[in-house]
Amino acid sequence: MDNLMGLIFGIVCNNHDADLVGRDQVDDYTIDTCLTADQGYETAVWVADHNMVIVARYATREEAVLGHREWVDRCKSHPRSAYSVQFERDILF
């Protein structure tokens with residue numbers, strides 16, 4: 001689980017556009033994968049204005065590209081929740 005200072009650092013210091021791997025919309029689902037300042041490459045998913053869930057972290061950009069495509073495909077089935085790598089449990093959207 002992420003600590004509070006790490007989360008604050010990530011929010012304040014992250015330049016989302018520095019290395020955007022992908023940002024896709026599948027119906028009401030937004031799938032966003034980018035390089036973060038604190039955790040490396042991450043994919044986040046959210047539905048409309050509901051909970052954002054960090055669903056995956058990757059060691060390399062290549063893994064992030066593949067993971068992003070996988071999450072775009074997963075969202076086509078309209079999941080109601082996802083496992084959060086940040087909180088280590090399922091989170092409802």
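Accessible areas here come from the Shrake-Rupley method with a 1.4 Å probe, and for residues only the protein chains shown count as cover. With the whole chain on screen, switch on the surface: the chain exposes about 5,700 Å², and carbon and sulfur atoms supply 53% of it.

Before you click further, note that this is a predicted model, in which local features need pLDDT of at least 70, side-chain atom pairs count only at pLDDT 80 or more, and totals for chains, interfaces and linings use all residues. Residues are numbered from 1 along each chain as its sequence is written, and side-chain values use heavy atoms, with hydrogens and water left out.

**Stop 1: the whole chain**

Change to a cartoon view. You will find 2 helices and 6 strands, arranged along the sequence as α-β-β-β-β-α-β-β. Both kinds of element are DSSP runs numbered from the N terminus: helices are H or I with at least four residues, strands are E with at least two. Of the 93 residues, 41% are buried, where buried means under 20% relative accessible area, exposed over 50%, and partly exposed in between (1.4 Å probe, protein chains only).

**Stop 2: the sheet**

Now select strands 1 to 4. These 4 strands form an open sheet in the order 1-2-3-4, with antiparallel pairing. Strand 1 (20-26) and strand 4 (52-58) stand at the edges with a single partner strand each, so one side of each has no neighbour in the sheet. On average, neighbouring strands of this sheet are turned by 15° against each other, direction ignored; axes are lines fitted to C-alpha atoms, for helices over the stretch in contact, and angles run from 0 to 180 degrees between N-to-C directions.

Zoom in on strand 3 (residues 40-47) beside strand 4: they pair in the antiparallel sense over 6 bridges. Two strands pair if DSSP finds at least two bridges between them. To see one bridge, pick V45 and its partner in strand 4, V53.

**Stop 3: helix 2**

Select residues 61-75. This is helix 2, which lies across strands 1, 2, 3 and 4 and runs at about 5° to strand 1. Its 15 residues reach 21 Å from the first C-alpha to the last, close to the 21 Å expected at 1.5 Å a residue; the expected span is 1.5 Å times one less than the number of residues. Colour A64, V65, G67, H68, W71, V72 and C75, which are buried. The cover over the buried residues of this helix includes strands 1 to 4 and strand 5 (81-84).

**Stop 4: two threonines**

Pick T33 in strand 2 (residues 29-36). T33 is buried, with a relative accessible area of 0%. Leaving aside neighbours within four places in sequence, T33 is in contact (heavy atoms within 4.5 Å) with residues including T43, Y58, A64 and H68.

Move on to T43 in strand 3, which is also buried at 0% relative accessibility. Its side chain makes a polar contact with the side chain of Y58 (2.8 Å). A polar contact is a pair of N or O atoms within 3.5 Å; within protein, one must be able to donate a hydrogen and the other to accept it, and residues adjacent in sequence count only if both atoms are side-chain atoms.

**Stop 5: two loop residues**

Finish with A48, in the loop between strand 3 and strand 4. Its phi is near 50°, a positive value in a residue other than glycine, and A48 is partly exposed at 36% relative accessibility. Then select E88, in the loop between strand 5 and strand 6 (89-92). E88 has a positive phi of about 55° although it is not a glycine, and at 47% relative accessibility E88 counts as partly exposed.
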